[in-house]
Amino acid sequence: MLDKNKFLGRMVMAGFSQRSLAKATGISKNTINSKVNGHGCFDTDQIDLICNALGISSGAEKAEIFLAEPSQNRDKPAS
């Protein structure tokens, strides 16, 4: 599951908005927005494109952002 705060922080640090990241990666803005908001996960090709655009090369940083543990309160499924 995506760590939304780390993802958005890294995106802003790299000087991107969701719109400009979409343009740089070829991933639609709607897809980025949807996945950032918890509706699905980025696939490995999308993760590679995003990491290249954001200058993320560390496997550990990729894992922290894209393989985050779900929060017990925020990310539990609706009953």
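Two residues are in contact when heavy atoms of theirs lie within 4.5 Å. Keep that in mind as you open this predicted model: among contacts between residues at least 6 apart in sequence, 57% join residues at least 24 apart.

**Stop 1: the whole chain**

Start with a cartoon view of everything. You will find 5 helices and 0 strands, so to speak an α-α-α-α-α run from the N terminus on. Of the 79 residues, 30% are buried. Switch on a surface if you like: the accessible surface comes to about 5,100 Å², and carbon and sulfur atoms account for 50% of that.

**Stop 2: helix α4**

Now select residues 44-54, which form helix α4. Which residues of α4 are buried? They are Q46, I47, I50, C51 and L54. Look down the helix axis and these buried residues fall within an arc of 130 degrees, so they line one face of α4. Turn to the other side of the helix and pick D45 and N52, which are exposed.

**Stop 3: what covers that face**

Keep the buried residues of α4 highlighted and add the neighbouring elements. The cover over those residues includes α1 (4-13), α2 (18-25), α3 (29-36) and α5 (59-66). Colouring each helix separately helps here.

**Stop 4: the two ends of α4**

Next, zoom in on D43. This residue caps the N-terminal end of α4, with a side-chain oxygen 3.1 Å from the backbone nitrogen of D45. Then move to the other end and select G55, just after α4, where phi is positive, at about 75 degrees.

**Stop 5: the cysteines C41 and C51**

Select C41 and C51 together. Is each of them buried or exposed? C41 is exposed, with a relative accessible area of 54%. C51, which you met on the buried face of α4, has 1% relative accessibility and counts as buried because the cut-off for that class is under 20%. How many disulfides does the model have? With a disulfide taken as a pair of cysteine sulfur atoms within 2.5 Å, the count is 0.

**Stop 6: the loop before α4**

Finish at G38, in the loop between α3 and α4. Its relative accessibility is 47%, so G38 counts as partly exposed. Add L2 to the selection and draw a distance between the two C-alpha atoms: G38 and L2 are 36 residues apart along the chain, yet these atoms are separated by 7.5 Å.

Key
Residues are numbered from 1 along each chain as its sequence is written. This is a predicted model: local features need pLDDT of at least 70, side-chain atom pairs count only at pLDDT 80 or more; totals for chains, interfaces and linings use all residues. Side-chain values use heavy atoms; hydrogens and water are left out. Buried means under 20% relative accessible area, exposed over 50%, partly exposed in between (1.4 Å probe, protein chains only). Helices (H or I, at least four residues) and strands (E, at least two) are DSSP runs, numbered from the N terminus. The arc is that of the directions from the helix axis to the C-beta atoms. A polar contact is a pair of N or O atoms within 3.5 Å; within protein, one must be able to donate a hydrogen and the other to accept it, and residues adjacent in sequence count only if both atoms are side-chain atoms. Accessible areas come from the Shrake-Rupley method with a 1.4 Å probe; for residues, only the protein chains shown count as cover.
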